[in-house]
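Please open the model in a viewer and keep the sequence panel visible. The tour below proceeds from the whole chain to selected helices and then to individual loop residues.

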Amino acid sequence: MKKVNVGIMGCGAIAPAYLRNLKSHFAGTVEVVACADTFAENAAKIAREFGIPRHGTPEELLRLPEVELVINLTPAPAHHEVSLGILRAGKHLFTEKPLSLSLAHGKELVHLAASRGLHIGGAADTFLGAGGQLARKLVDEGRIGTPIAAQAVWGSDVFHSERYHKIFRGSLLDLGPYYLTALVNILGPVTRVASAAEIRFKEKPHPINSPEAGKTFPVDFPTTVSGSLDFADGTVASIISSCDLHGYFPRVEIFGRTGSITLSDANKYFARVTVRNIDGEQSFDAAPGFRELGRGLGVAEMAQALRENRAPRANGDLMLHILEVMLAVHDSSPANQHVRINSRVERPATFDYAQLPPGTVK
């Protein structure tokens, strides 16, 4: 396939995690031709480190006619505005999660892309990796019978981080897209949500070894939430998300009529999959598919999709559905009622990593 010319918007901490893979494993699908940041020194540094031929301001990147797809790696509060600019410039968009911080903004992006014949892809793409695809395959093959229930737990050990609370607004919106997309990939769309999501800690202390030690910062959203999800296929699920815990607790489990499947971490492409049924317990560590650290598999799959004139698997409609579910978890508890999910998506098509053009792994 002809490579897709890509520009990187935002050259902060997450950019190297993308570029290491885009310049190696996925070099057969994309060519990174430019990078940009509001801080010129950040763009210049990334360009030098990864051999990117052009760097400059966001406005300069969007004026480059050769750039077809822009990867939005800016912080979550900037996603909506930056993504709007990318789409208005006539570029396809791949954005870090979440799609936006409000449902109205998410809908605006999806509608704008559709009206201009553009595609949106997103970073909750770990379901395309070896672990997520194997879990999907085993469920589809009936290894646990008809799915009945599911559970997902995830957390971030960032109780004292004011920056995390301001930028990421808790682990539900930060890590939730990975775990909820994993569930939707296996089970299909969510139809209804109920939750317990109170603001337990209205003030949190700064770290004891920081310049702000002894001071607190305000918290204006629930940092530990529990949700009950109804899926269109009849499966029910429970989720717990927290940035108040000590440690990292990732887990997705699907319970079927005759067994269960556990995905050790939906935030990784290479998660271990364990099947428990009447035949005993079996774990899979070496499933075929993408198993590397870093990010970018969804970008490569999106590049292939653009050349095939189709929507990517980790597409804007899927991101919008997940955003609606997450915001419903926040909304249900104070409203003291279920929240109906209005968006509908199909399960993404299964993915064969071997079909991607080979890269150059050094």
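## The whole chain

Of the 362 residues of the protein, 56% count as buried, where buried means under 20% relative accessible area, exposed over 50%, and partly exposed in between (1.4 Å probe, protein chains only). The model is predicted: local features need pLDDT of at least 70, side-chain atom pairs count only at pLDDT 80 or more, and totals for chains, interfaces and linings use all residues. Residues are numbered from 1 along each chain as its sequence is written, and side-chain values use heavy atoms, with hydrogens and water left out.

Display the cartoon. The secondary structure comprises 11 helices and 17 strands; these are DSSP runs numbered from the N terminus, helices being H or I of at least four residues and strands E of at least two. Along the principal axes, the C-alpha trace spans about 55 × 55 × 40 Å. The radius of gyration is 20 Å, which agrees with the value near 21 Å for a compact globule with 362 residues; the radius is taken over C-alpha atoms, and the globule rule is 2.2 Å times the number of residues to the power 0.38.

Contact means heavy atoms within 4.5 Å. Among contacts between residues at least 6 apart in sequence, 71% join residues at least 24 apart.

## Helix α10

Select residues 297–307, helix α10. Is this helix largely enclosed by the rest of the structure, or not, and how many of its residues are buried? Of its 11 residues, 10 are buried, so α10 is largely enclosed. The buried positions are L297, G298, V299, A300, E301, M302, A303, Q304, A305 and L306. To see what they pack against, add β1 (4–9), α1 (15–22), β2 (30–36), β4 (69–72), β5 (92–95) and β6 (120–122).

## Helices around α5

Next select α4 (residues 79–88) and α5 (residues 103–115), whose axes come within 10 Å and cross at roughly 10 degrees. Axes are lines fitted to C-alpha atoms, for helices over the stretch in contact, and angles run from 0 to 180 degrees between N-to-C directions. The two helices α4 and α5 are therefore roughly parallel; angles under 35 degrees count as roughly parallel, over 145 as roughly antiparallel, 65 to 115 as roughly perpendicular and the rest as oblique. Show side chains for H80, S83, L84, L87 and R88 of α4, and for H105, E108, L109, L112 and A113 of α5, which make the contact.

Keep α5 and add α11 (residues 316–335): their axes come within 10 Å and cross at roughly 170 degrees. The pair α5 and α11 is therefore roughly antiparallel. Here α5 contributes L103, G106, K107 and V110, while α11 contributes G316, D317, L320, L323, E324 and L327.

## Loop residues

Most residues other than glycine have a negative phi, and most peptide bonds are trans. Three sites merit a closer view.

- Centre on P98, in the loop between β5 and α5. A cis peptide bond joins K97 and P98, with omega about -10 degrees.
- Move to N309, in the loop between α10 and α11. Its phi is positive, near 55 degrees, and at 69% relative accessibility N309 counts as exposed.
- Finish at N336, in the loop between α11 and β17 (339–340). N336 has a positive phi of about 60 degrees although it is not a glycine, and at 72% relative accessibility N336 counts as exposed.
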